[in-house]
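Hi,

Here's the structure I promised to pass along. Have a look at it first, and my notes on what turned up are underneath.

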Amino acid sequence: MSSLVKILLHCDGADASTSFPDSSNYAHSLTTNVNSQVDTAQSKFGGAAYLGAANGDLLTMLDSEELNLAANDFTIDVWVRFSSLVLTVFFEQFLVLNRSISIYWNTDNTLHFAYSPDGTTSIDTGRSWTPSADTWYHIALVREGDTAQLFIDGVILGASYDLTGVTINNSSAPVSVFGSVNNANQYCLVGWADEFDFVNGEARWPVGSNFTPPTQAYTLTTPLSQMMMMGVS
């Protein structure tokens, strides 16, 4: 159901625009920091994408109850294209003593899912992934039941995460997309991103199987069960 899509960023618009409207039903307000902007030189869908060029370039928003993952199934996915391979946070709500989750790539060539069950403890394990610059990748983190899985281009990335009995902390910290407010606006994406999607309450794809990444921009008019079968939404 479209109500399960909590954040949806198409990253479309005029070149150099600093507006990134949330196309979900919740219409969250995202703040553009420093020089982050819409860029029409690259896109996966829609003729434009988010562009970040240096530390400080990221999107931020206030906490919202819609983002409380608890023990729910969920999906977070995005298309990214690095122009420089630096430590990069894709999504984070992870202030010290007020943690929820973080998804980031480290320069030791590991993609990480970090989470906290209590707001202070950090459980953080990476999976091996060596991306290349100037290549579009679909990154997905999916929780289904007691298991979470990272995917690259629809292919299972390493071992799954056992989340049996795990309730993820309901953080009240600010949310950051394509960078980290936890580290003074560091670890920002240097490159492009498109179609950022945050679903709370359903897994778009089963965690135990590879899938076909989306072939067009998401909409809110198709049930999630059909989205999964089509590889689109």
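**What's inside**

β6 gives the largest share of the lining of the largest cavity, three residues. Bear in mind as you read on that this is a predicted model.

Some more on that cavity. There is one cavity of 30 Å³ or more in the structure, and the largest cavity holds about 50 Å³ of space. Its lining is made up of Ile-76, Asp-77, Val-78, Phe-90, Phe-91, Ile-103, Ile-139, Leu-141 and Phe-196. At least two lining residues each come from β6 (74–82), β7 (88–95) and β11 (136–144). Sorted by class, that's eight nonpolar residues, one charged and no polar ones.

Next, the cysteines. How many disulfides does the structure hold? Zero. For Cys-11, the closest cysteine sulfur is the one in Cys-188, and at 15 Å that is too far for a bond, because a disulfide needs the two sulfurs within 2.5 Å. Both cysteines are tucked away by the numbers: Cys-11 is buried at a relative accessible area of 4%, and Cys-188 is buried too, at 1%.

Last one: Arg-204. You'll find Arg-204 in the loop between β16 (191–200) and α1 (224–230). Is this arginine buried or exposed? Arg-204 is buried, because its relative accessible area is 2% and the cut-off for buried is under 20%. The side chain of Arg-204 also makes a polar contact of 2.7 Å with the side chain of Asp-197.

Cheers

How values were computed
Residues are numbered from 1 along each chain as its sequence is written. This is a predicted model: local features need pLDDT of at least 70, side-chain atom pairs count only at pLDDT 80 or more; totals for chains, interfaces and linings use all residues. Side-chain values use heavy atoms; hydrogens and water are left out. Helices (H or I, at least four residues) and strands (E, at least two) are DSSP runs, numbered from the N terminus. Buried means under 20% relative accessible area, exposed over 50%, partly exposed in between (1.4 Å probe, protein chains only). A polar contact is a pair of N or O atoms within 3.5 Å; within protein, one must be able to donate a hydrogen and the other to accept it, and residues adjacent in sequence count only if both atoms are side-chain atoms. On a 1 Å grid over the protein atoms alone, a cavity is a set of points where a 1.4 Å probe fits but cannot get out, and a pocket is an open set with protein on both sides within 12 Å along at least five of seven lines; lining residues have an atom within 4 Å of a point. Grid points are joined across faces, edges and corners, and a volume is the space filled by probe spheres set on the points. Ala, Val, Leu, Ile, Met, Phe, Trp, Tyr, Cys and Pro count as nonpolar, Asp, Glu, Lys and Arg as charged, and the others, Gly among them, as polar.
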